Amino acid sequence: VLLLLGLGTFYTVHYGFYPIALLNGEIVLAQDYYKITNSGYIFYTNALATYQKVKLGKEESGRLYKDIAKASFDKLVEQKLVDVELLRRKGVAVSALVDKKLESVKNDNLEGPVAKLYGLTMLEFNKFILEPVAKRELLIADFSERGEDFNAWLGNAKSRVDLRVFVLGLR
């Protein structure tokens, strides 16, 4: 029993299946946060090395990672807010609308570049990058059709959010 408990704990922590925050009652998983943070870090270090011919030292690298980690957490909060609002406005049709929006992007030849640029599989790239962008664009379009201001709503939603963070340094 102790062995199973130990293995279960190891796999839970190792694969990030634990909450790092609670946002309006919805769980934010460590797995999602670290995937987004690491892909952002890989992207920016690749961009710096490629376009500016810069190789970061240990201190600069650590600072960059911390900045990306904070931005990633803020992005996750925004994504959760957008997801909830889009579902409230469009209902069960959200998934079909997102799929339709992403049809033009689907390309089998992206697996290699996505892995190299972001350190993600194509499935992860869809989940963490493309789908959130599509959902945000759909919600912005809906706000625009109704004559409402998306940025004002987002600022207001962020100020009213019930956020409980379980990991130090995220906020």
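**Reading a three-stranded sheet and its surrounding helices**

Tutor: In this predicted model, three strands make up an open sheet in the order β2-β1-β3, with antiparallel pairing. Strands pair if DSSP finds at least two bridges between them. Helices (H or I, at least four residues) and strands (E, at least two) are DSSP runs, numbered from the N terminus.

Student: Which strands stand at the edges of the sheet?

Tutor: β2 (26-29) and β3 (163-165) do; each has a single partner strand, so one side of each lacks a neighbour in the sheet. On average, neighbouring strands are turned by 20° against each other, direction ignored. Such angles run from 0 to 180 degrees between N-to-C directions, and the axes are lines fitted to C-alpha atoms, for helices over the stretch in contact.

Student: How should the conventions of the model be read?

Tutor: Residues are numbered from 1 along each chain as its sequence is written, and side-chain values use heavy atoms, with hydrogens and water left out. Because the model is predicted, local features need pLDDT of at least 70 and side-chain atom pairs count only at pLDDT 80 or more, while totals for chains, interfaces and linings use all residues.

Student: How many bridges join β1 to β3, and how many pair β1 with β2?

Tutor: Three bridges join β1 to β3, in the antiparallel sense. Strand β1 (residues 19-23) pairs with β2 over four bridges, also antiparallel. P19 has L29 as its bridge partner in β2. A21 stands opposite V28 in β2, and its bridge partner in β3 is V165. The hairpin of β1 and β2 has two residues between the strands, and N24 takes a positive phi near 50° there.

Student: Which helices lie against the sheet?

Tutor: Contact means heavy atoms within 4.5 Å. Helix α2 (residues 30-51) packs on the sheet and touches β1 and β2, its direction making about 45° with that of β2. Helix α3 (residues 58-90) lies across β1, β2 and β3 and runs at about 145° to β2.

Student: Is S72, in helix α3, buried or exposed?

Tutor: Buried means under 20% relative accessible area, exposed over 50%, and partly exposed in between (1.4 Å probe, protein chains only). S72 counts as buried because its relative accessibility is 5%. Leaving aside neighbours within four places in sequence, S72 is in contact with Y33, I36 and T37.

Student: What does the largest nonpolar core contain?

Tutor: In soluble globular proteins, nonpolar side chains tend to be buried together. A nonpolar core is a set of buried Ala, Val, Leu, Ile, Met, Phe, Trp, Tyr and Cys residues joined through side-chain atoms within 4.5 Å. Here the largest has 33 residues, and I20, L81, F125, L139, F150 and W153 have the most contacts inside it. Two or more residues come from each of β1, α2, α3, α4 (94-102), α5 (111-118), α6 (122-145) and α7. The largest share, eight residues, is given by α6.

Student: Where is confidence lowest, and where is it highest?

Tutor: pLDDT is the predictor's confidence in each residue, from 0 to 100. Where pLDDT is low, the predicted coordinates should not be read in detail. Confidence is lowest in helix α1 (residues 2-14), at a mean of 65, and highest in helix α7 (residues 150-160), at 96. For the protein, the mean is 88, and 89% of residues reach 70 or more.
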